[in-house]
Amino acid sequence: MNIIELKNINFTYGDKTQALKNINITIEECKTTVILGENGAGKSTLFTLLNGIIKPNSGEYRFNGNIVNYSKKELFYLRKNIGIVFQEPDNQIFSSSVYDEIAFGPRNLKIPEYEIDNIVKESAKETDVTEYFEKPVHFLSYGQKKRVSISSILAMKPKVIIFDEPSACLDVVQKDKLYSLYKKLKNKGITIIISTHDIDFAYKIADNAIVLKNGECIFNGKIDDLFANDKIVQKSCLKYPPVYILYNELIKKHIIKNTYCTPKTIEDIITILNNV
C-alpha cells in the first residue's frame, strides 16, 4: 500500500524558480525510501511539501489514501504524522534540556503531563538518550544531538519520518547506531524517507529509491532496479555502491552464482562466499 502519492505536482518559488516539475511518485507504507539527486535537484522542496510547509501550485497530494486539502485541521494532522529530522540538529533543537526537547511536541498536542513522561521515556529509550535527560543540550556531541532530534520526532508518534542527510558528519560507530535505529523503526511499522548523498548508506538501508534531476523525477522504484539501469545512473550522476560492483564482478568471473537476492553489505557477500 502507498502511504504517499503525488500526481502531477508542480511548485515554483517567488523568484520564478521551478523547483518541482510534474512530479509523479509513490512511497510505500512501512518501507524505507531514499531520495537521491544532485544539490538543487528539488529534494528539500519535496520534503517541505510532504510536511505541508509549502503548498504545490498544481497537482494532487494524497496522504494515507486521502487528498490533502490544506485546511488547518488537515495540516495539523499531516505535520503530526510526517516528522522531519533536519540535517543539522542545532537547527531543530531549541530546549535547554534533553527531556524538555523530547516533551515539546506532545505538550503542544495538549497531552496530559503524566502521559508525556511515559512518551518521553519510551522515545528516549528507542534512541538511547535516556542518560542525557538532565544534561544541557549544548554539551552533547553531534551524534548525540542527532539522536535527541530523532527522539523528539518519535514522541509525536508519526506514521512517516523524513531524514535529511542523516549520516552527514557521523563516524562509523554513529552510522552503525543510526542503521540499527532505522531497522527498529521499520520493524515498528514507520515509513522512512531519507535524503542522502551517501550511496553506500542508501544502498544498505533502502528498499526503494526516488531520483530527482532538475526538479523532475527520473526514477521511482526498487533500489536494486535503479542500479541495474545504467542509463538512469549515468543521467543522475550517481556512483555504484562498492558492494554492488563487487557482487557483479564475482558473478562475471563465475566465482559465485546470481542469488537474485542482491547483497547489501560486505558481510552479506562473505556469507555467500562461505556457501560456495
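This passage describes the enclosed space and the salt bridges of a predicted model.

The search for enclosed space gave a short list: the structure holds 1 cavity of 30 Å³ or more. The largest cavity contains about 50 Å³ of space. Its lining is made up of Gly143, Lys146, Arg147, Leu170, Gln174, Lys177, Leu178 and Leu181. Two helices, helix 5 (142–154) and helix 6 (172–187), each supply at least two residues of this lining. Helix 6 gives the most, with 4 residues. In chemical character the lining is mixed, with 3 nonpolar, 2 polar and 3 charged residues.

Turning to charge pairing, the count comes to 14 salt bridges. One of them joins Lys213 to Glu38, with the closest N and O atoms 2.8 Å apart. This pair links distant parts of the chain, as Lys213 sits in strand 9 (residues 208–213) and Glu38 in the loop between strand 3 (32–36) and helix 1 (43–50), 175 residues apart. The two partners also fall into separate accessibility classes: Lys213 is buried, because its relative accessible area of 18% is under 20%, whereas Glu38, at 35% relative accessibility, counts as partly exposed.

A local counterpart is found in helix 4 (residues 113–127), which holds both Lys121 and Asp117. These residues form a salt bridge whose closest N and O atoms are 3.0 Å apart. Their separation along the chain is 4 residues, about one turn of the helix. Both ends of the bridge count as partly exposed, with a relative accessibility of 44% for Lys121 and 22% for Asp117.

Helix 6, already met in the cavity lining, also takes part in a salt bridge. Here Asp176 pairs with Lys204, and the closest N and O atoms lie 4.0 Å apart. The pair again links distant parts of the chain, with Asp176 in helix 6 and Lys204 in helix 7 (residues 199–205), 28 residues apart. Asp176 is partly exposed, with a relative accessible area of 40%, and Lys204 is likewise partly exposed, at 26%.

Beyond these pairs, salt bridges also connect Asp100, Arg107 and Glu113 in a network.

Note on methods: Residues numbered from 1 in each chain as written. Predicted model: local features only at pLDDT ≥ 70, side-chain atom pairs only at ≥ 80, totals over all residues. Heavy atoms only, no water. 1 Å grid on protein atoms, 1.4 Å probe; cavity = no way out; pocket = protein on both sides within 12 Å on 5 of 7 lines; lining within 4 Å. Points joined across faces, edges and corners; volume = space filled by probe spheres on them. Nonpolar A, V, L, I, M, F, W, Y, C, P; charged D, E, K, R; others polar. Salt bridge = Lys/Arg side-chain N within 4 Å of Asp/Glu carboxyl O. Buried < 20%, exposed > 50% of the residue type's maximum accessible area, 1.4 Å probe, protein only.
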